[in-house]
Amino acid sequence: MPVAATPAATGTAPPPRRTPPVTAPPLAPPKRRGRRAHQPTTAERPTGPCRVCVYIRRSTDDEHQPFSLDAQRAALEKYVKSQPGWTIVAEYEDDASGATTHRPGLRKALNAAKAGLYDVLLVYRLDRFSRSVADLLDLINILEASGVRFSSATEPVDTGGPFGRMMLQLLAVFAEFERNIIIDRVKSGMTAKASKGKWAGGTRPYGYLVNPDHRLVPHPDEAPVLRDIFRLYTRDRVGTRAIATILNERGVPNRTGKKWSGHTINRILDNPAYVGDIAYRDVYVPDAHDALIDRDIFQRAQDIAAARGDVQTQRALSDSDYYLTGLLTCPRCGQRYIGTSANGRTRRYRYYTCFTRTRYGKHATCDAPRLPADDLDNAILKALHDFYTTAEPVLTAMIERAHAQRNSTTDDRSAELTALAHQITTTEAAIDRYHTAFENGTMDDTTAGPRIRELRQQLAQLHTRHAELAAGLAAQPAPPTPGTIALIRDYLTTIMASGSDTERKAAIETLIAEVQLTDQGVVPVFKIPTDTTMPPPKTDGGTSKEPPVRTMVRSVGR
């Protein structure tokens, strides 16, 4: 009877023990796809109480914008509650494009940061703050200079740590890329619409409405006004600013409900949509919709505009037509007066007109009167000659008064100069201490960087003021050298009798600082001449053919 061999008898190893298979734990249910609130790391999370400013923005295109203001606000409030010690102290919002930083809410948030009203600026997503890498970095620099951190509730972005700053730049690149893709798609869609003879998009032309099929149809109220604009310009030969004035006097608003301007009339006269054509980028589709203006009339308007444009260009290139260009300032709106003209039956009438009135007509926000250029030029030139006829005693009194004012304030300015020098030394030493602490590793860039930038800004201001005071103390008002007044007076007498427009304009520009318009009349402000203002001496053949006043230096005292 066979006997089974035992391990001891055979000397072989026992067979391996079989262990029951380990069952893996059930897989976790798949997570819902979507954005989760970013949980900052320990290094990024601030310690202690933290004042939070919430900034929300909605794009100007609601159709492509799923993040409403209320949704962003609710998400940010929930995120702030999950962070220990965080408290919302301010909230700003914008309903504008992220392509620019000129947003009212953003400006207020930055001003509040400079005032130190909060510690963290929180946004829902990075693209709510800016879609441009360059703009974003500029905004972050402004916040860091004010000691304010930037954070996103749905992205690993927090400038309180190096990882957050790295992610900030990476996500900014993707946000700008996404914006550029959207722009390209929108342009492609608009080009496709224009190629089909439809209105590509944007603000509709005056005189038309856009129907549901995106085609232009005549506006029942604006179309007659549009035809009247072309009739006034082509048949009655009324200028663009005059047409704007006529429409404003009639009480006819433009497309936006505001007053008309000559610039708006110019754009209307140059728009091919009024002859039924669609023009967008490289696409031009003729007869795409009903025309409001006949093609012959439209071409006649183009010819008139081209002819008038040549006249205006030649007039603008003439530097001797108007003597007081750049010297007259409107006392009502602060804009400069510019030279304008009107052709009468027998002569051309020249005026100085406020730029605001020139652009928008006399019914604009500024109704400053026009000034007759011929009379004003001659009056200012005569006043300049009369001043130099009796200039010696007047200039002597002015120099003496300047000396008295300078002597009375010398001690105060010297004391201020000494104090500024001490402040400059102290500020430079503080910057050196921050640099030393950063190099030794006792202070990180998050703490030292903003303070160093602030100190450098203060230092630049101190240096600027120190230079101004030093220059003021060194400058000593001095009367003109003997003979200078007589030479200038003789030269003014010559150019008043037989000088060219260029010579007269040069004399006024060099010897007059500005011409003030007051309730009492027109007041010229003269400059104090120096030896460098003296015209060149006469030669045997008479005066030099070159205008001597051109050698005068403009950067002199009044």
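## Helix packing, a small sheet and two positive phi angles

At 57% relative accessibility, Asp287 counts as exposed, because that value is over 50%. In this predicted model, Asp287 lies in the loop between β8 (283-285) and α10 (295-317), and its phi is positive, at about 55 degrees, although the residue is not a glycine. Most residues other than glycine have a negative phi. A positive phi also appears at His214, a residue other than glycine, with a value near 65 degrees. His214 is found in the loop between β5 (208-210) and β6 (216-218), and its relative accessible area of 36% makes it partly exposed.

The helices α7, α8 and α9 can be described through their contacts. Two packed helices are described by the angle between their axes and the distance between the axes. The values for two pairs are set out below.

| Helix pair | Angle between axes | Distance between axes |
|---|---|---|
| α8 (residues 240-250) and α9 (residues 262-269) | roughly 110 degrees | within 8 Å |
| α7 (residues 222-234) and α9 | about 95 degrees | 11 Å |

How are α8 and α9 oriented to each other? They are roughly perpendicular, because their crossing angle of roughly 110 degrees falls in the range of 65 to 115 degrees. On the α8 side the contact involves Thr240, Arg241, Ile243, Ala244 and Leu247, which meet Gly262, Ile265, Asn266 and Leu269 of α9. By character, the residues of this contact divide into five nonpolar, three polar and one charged.

Helices α7 and α9 are likewise roughly perpendicular to each other, and they pack at an angle of about 95 degrees. Leu226, Ile229, Phe230 and Tyr233 of α7 make this contact with Ile265, Ile268 and Leu269 of α9. The residues of the contact of α7 with α9 divide into seven nonpolar, no polar and no charged. Ile265 and Leu269 of α9 are thus named both in the contact with α8 and in the contact with α7.

Further along the chain there is a sheet. Three strands form this open sheet in the order β9-β10-β11, with antiparallel pairing. Its edge strands are β9 (337-343) and β11 (371-372), each of which pairs on one side only. Strand β9 runs antiparallel to β10 (residues 348-354), and seven bridges join the two; in this pairing, Ile338 stands opposite Thr353 in β10. Helix α12 (residues 373-389) packs on the sheet, where it touches β10 and β11, and its direction makes about 75 degrees with that of β10.

Definitions and conventions: Residues are numbered from 1 along each chain as its sequence is written. This is a predicted model: local features need pLDDT of at least 70, side-chain atom pairs count only at pLDDT 80 or more; totals for chains, interfaces and linings use all residues. Side-chain values use heavy atoms; hydrogens and water are left out. Axes are lines fitted to C-alpha atoms, for helices over the stretch in contact, and angles run from 0 to 180 degrees between N-to-C directions. Helices (H or I, at least four residues) and strands (E, at least two) are DSSP runs, numbered from the N terminus. Angles under 35 degrees count as roughly parallel, over 145 as roughly antiparallel, 65 to 115 as roughly perpendicular and the rest as oblique. Contact means heavy atoms within 4.5 Å. Ala, Val, Leu, Ile, Met, Phe, Trp, Tyr, Cys and Pro count as nonpolar, Asp, Glu, Lys and Arg as charged, and the others, Gly among them, as polar. Two strands pair if DSSP finds at least two bridges between them. Buried means under 20% relative accessible area, exposed over 50%, partly exposed in between (1.4 Å probe, protein chains only).
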